[in-house]
Each structure stands twice: as C-alpha cells, then as structure tokens.
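Q: Please take a close look at one part of this model, the sheet. Walk me through its strands and what surrounds them.

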Amino acid sequence: MDGRPGRADAGAARPAGRRRRPGRSALFLVGALVVVLGVAAALLVPRAADGPDVGAPDPSPSPTASAVPAAEAREAALQELLDRRAAAVLAGDVAGVVGTADPAAPDFRARQEATATGLARVPLERWSYEVRGEGAPLGAGRLAELGPDAWVADVLLSYRVAGVDPVDQQREQSLTVVRRDGAWLLTADDDGPTRADLWDLGVVDVVQTERTVVVGTAPRAVLEEQGALGDVAARRVDAVWGTSWPRRTVLVVPADEQQLARVLGRDGTAGLDQLAALTVGAERGSGAAGAEGAVDRVLVNPSGLARLEERGRTVVLTHETTHVAVRAGAAADPPLWLSEGFADLVGYAPGEGEEALPPEAVAADLLDAVRRDGPPASLPAPEAFDATRGDVAPAYGAAYLAARTVEQRYGRPALLELVRATTGRAPAEVAGEVVPGAAPVPPEQAVPQVLGVDLAVLEQQWRDDVVALAGTA
C-alpha cells in the first residue's frame, strides 16, 4: 500500500409480542477508516462472585400463582432462570451457564460453553437480563421440532465492562425457550433478531493495558499490539480533545472479516475491504436502548492489520478513539463531515519526534479528483462515507480539509467549540468524567454562532483551500 490516508463510514441500522419496547436498539456505525492506514484492538475480561445452580425446574404452582395468567407465569419462570444465568456469568461459572442450555440442542449448548469460557476472562462489572415479553411466534414446523410449550422471548441484556462503562451496554436478544422434564431451558437464539457480541462467535481472549481493554478472537500477539497502540491513541486524544471522557477504550478484534460482519449485523462482507476500523454504538439522540451515556466500541478489520505500518495503525486508532471521546456523553452526533474531519485532524497530528504529514498527502485522493473533475460542489454528504456505495477516500479527504480550514482560519479552540456545540458537549474539563452540556445546535446555526460566518461562507472558504492545495486555482 502507498500509506496515504483514506477512510470510510456507514450509517445506522435498526433491527415486537406483548409488552415490547417501542423499537429495537440501533447499531450505529460512527466512523471507519480505509485499510490504507490501519486500525486496532478488542474487548475484555475476568471477574468473581458465586452464584446458585442454573437450570432448576420452575416452581410448582402455589394457590396464588394459579391465578396468574400462564404467559406471565412462564415469563416469571424464565426471568428466574436468566437471573441464575447472569449470576453464573459474573461468577465465571462456565458449567452454570451451560446448565441453562437445552441438552437436546448440542450445537447451541456448545456455543454457550464457548461464550461463557470467553466471558470468564472479561472484567465485567454488571451482567443482567430483563424479559420484555413474547417475541416472534414459532412456525408450526419449529413447534413440532421443539414441543408445544416452546416459545421465543424478547430479552434485554445489559452489561458493563469494569473501568470503562459508566452506564450499561444493552443488547436485544430473541431467546427460544423449551420445557424439559418440568424445567425451562434455552434452546436457541436465532429464531428472531439477536444482536451478537464477539464472545457469541467463539472463545475470546482479553488483553488489558493502562488505557485499553482488548477483546478478540484474533491471535494474542495481535491483541497485545493493539492494546499498546490503544494507549498511544488515548494519550493523543487527550492532548487535543482534553480529558473529559472515560479515557479507556474497548477494542474488539475479530479473527476475520466474516466475524466482523456478524458483529455488525451484516449478511455479508461487502465494503468491509475498504475499512481498517470502525467505531460503533447506539445513535445519539435516537432514544435507542443504551444510547445515552454509553461508551462506544472500536472494531478492527483484521484483514487490514498486516498491511499497515505502525504509524498508519496509530493514525487509524487515534481517529477511532477520537470518535469514542467525542460521543461520550454527547446528546447528538455532529454532521459526518465535521465528525470525520475532526477525527482525522487528531489522528494525523504528529506525535513526539514525528514529522507532520503534508495535507496534500492526507487528502491525495480528493485532490486527484479535483484536478481531474474540478472542485467539489459541497461538503461531503453522509452517503459519501458509506463504503458499500463505492470509494470513500475522497470523502474523508474532503472532511479532513474542512476541519483543517476551520482550524487554520479560526483557530483550534473554535474548532473544538464547533464540535462541542453540534454534540451538546460542555467545554468544562473534568478528567475521566463526562460533563453534561447544553442542547446540541444544528450545524447551520452552530457555524455562525461559533465562527461568526454562515455555513455557506465556510463552505466556500473550504473550497478555496481545496483548490489551492490541488494547484488548480
């Protein structure tokens, strides 16, 4: 590879019975970087606590219980089962977790063993389930296979990684439940929509460093390398953005692109070959489960790792860590051109002993297009960052130069204020904490409020700077 910068981003995705929440939680792809630069790491590990045995039969009906509708009674029994399962997860009790799975479903039971084995390495502070009601009905064939009492439950999983998550991460799951010899057991998680984490796909390993928790199915040497780079990235973000964010990052490193696609909830790997890393989390301001106050995850595309030099990997990981820091406590997401441009500006800032990369190199793909086709008509639209639509490198170059225009013409404090205004973040600095801010301001209002010029004027200033760099003025 030629080592020139490039990037990519994607949009939001959203994946219903009785007593359901209005809508399923979103997986929002905040930012991504094309493989010409590189990326990083993964998620994390151990814990302690003893929990009761799992898989006990549901209790015999009492005189009062007999008056409870059958559906509510079975939901209560499932909640009890899941409470015991959660206790086993927190205790690192692999046998206890496996005991909640149906022996008649050996593949599912084996996956539960692998999941529990990996989770025993992750430093979990919290882990709990909430039965939300009945999910999608099972078809006649599936009922004939599992028995007439089988049903699908809509379940909300909530968890926190110790030292990282100030609020719960949440995942919506569809768990299929069967009755075996008077006991309710779990037999599947694919009879309805289920959001997967990496530990659901295989036994994960965990590496913890000063500023990074890496969880992955990639080789341990890769996880250790990404942990070290994650610490460097966190310090670089502190130097520009400040320390008012959780300051620890969870990096998720799958073994291959197929696993990455599954964690992203995609059917295939289309477009992932352009991406070196992605930042994912619930869309801010969406009302989705786990959106407010949650700390995003950085996902690494493993196929890009071996093709990147160390500085390229550091640039990419710093870019993604910038997204994590900016979105921590944000009430809204900034426009993509500002979000990606600012993340690139932080990512490409030279570290100690490094020479600054010229903007002509960082935005080479865009400048080539300008020399060929003329200056861009407008700042890049959100779809320009979607790797499934085509080449995203010019959009990232355009965003980088837009952030550079703000910084050079108005100063770095103004750039920081603009980012904070569009996200609703407060400018106050409290190390390691997220300080609530005012309501977010739309960019067409934030630009004149912060910079004193209309957005159209800023856009023309950016276009002038692009033309000058391309040498076509």
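A: Start with one bridge pair: threonine 176 has alanine 188 as its bridge partner in E8. The model is a predicted one. The link between threonine 176 and alanine 188 belongs to a wider contact, since E7 and E8 are joined by 5 bridges and run antiparallel. The two strands also make a hairpin, with 2 residues between them. In that turn, aspartate 181 has a positive phi of about 50°.

Now look at another partner of threonine 176. Valine 152 stands opposite this threonine in E7. Here the strands involved are E6 and E7, which pair in the antiparallel sense over 9 bridges.

Go one strand further. E6 covers residues 151-161, and E5 pairs with E6 over 9 bridges, again in the antiparallel sense. One bridge of E5 and E6 can be named: arginine 126 has arginine 160 in E6 as its partner.

Put the pieces together. The 4 strands form an open sheet in the order E5-E6-E7-E8, with antiparallel pairing. What holds such strands together? Strands of a sheet pair through backbone hydrogen bonds. The edges are strand E5 (124-134) and strand E8 (183-188). Each has a single partner strand, so one side of each is left without a neighbour in the sheet. Neighbouring strands are also turned against each other, by 40° on average, direction ignored.

A helix joins the picture. Helix H1, residues 70-91, packs on the sheet. H1 touches E5, E6, strand E7 (169-180) and E8. The direction of H1 makes about 165° with that of E5.

Return to E7 for the last stop. Is this strand mostly covered or mostly open? E7 is mostly covered, with 10 of its 12 residues buried. Valine 178 lies in strand E7. Its relative accessible area is 0%. Buried means under 20%, so valine 178 counts as buried.

What does valine 178 touch? Leaving out residues up to four places away in sequence, its contacts are Asp102, Leu146, Ala150, Ala183, Trp184, Leu185 and Thr187. Valine 152, met earlier opposite threonine 176, gives a distance to go with this. Valine 178 and valine 152 are 26 residues apart in sequence. In space they are 9.1 Å apart, C-alpha to C-alpha.

Conventions: Residues numbered from 1 in each chain as written. Predicted model: local features only at pLDDT ≥ 70, side-chain atom pairs only at ≥ 80, totals over all residues. Heavy atoms only, no water. Pairing = 2+ DSSP bridges. Axes fitted to C-alpha atoms, helices over the stretch in contact; angles between N-to-C directions. Contact = heavy atoms within 4.5 Å. Buried < 20%, exposed > 50% of the residue type's maximum accessible area, 1.4 Å probe, protein only.
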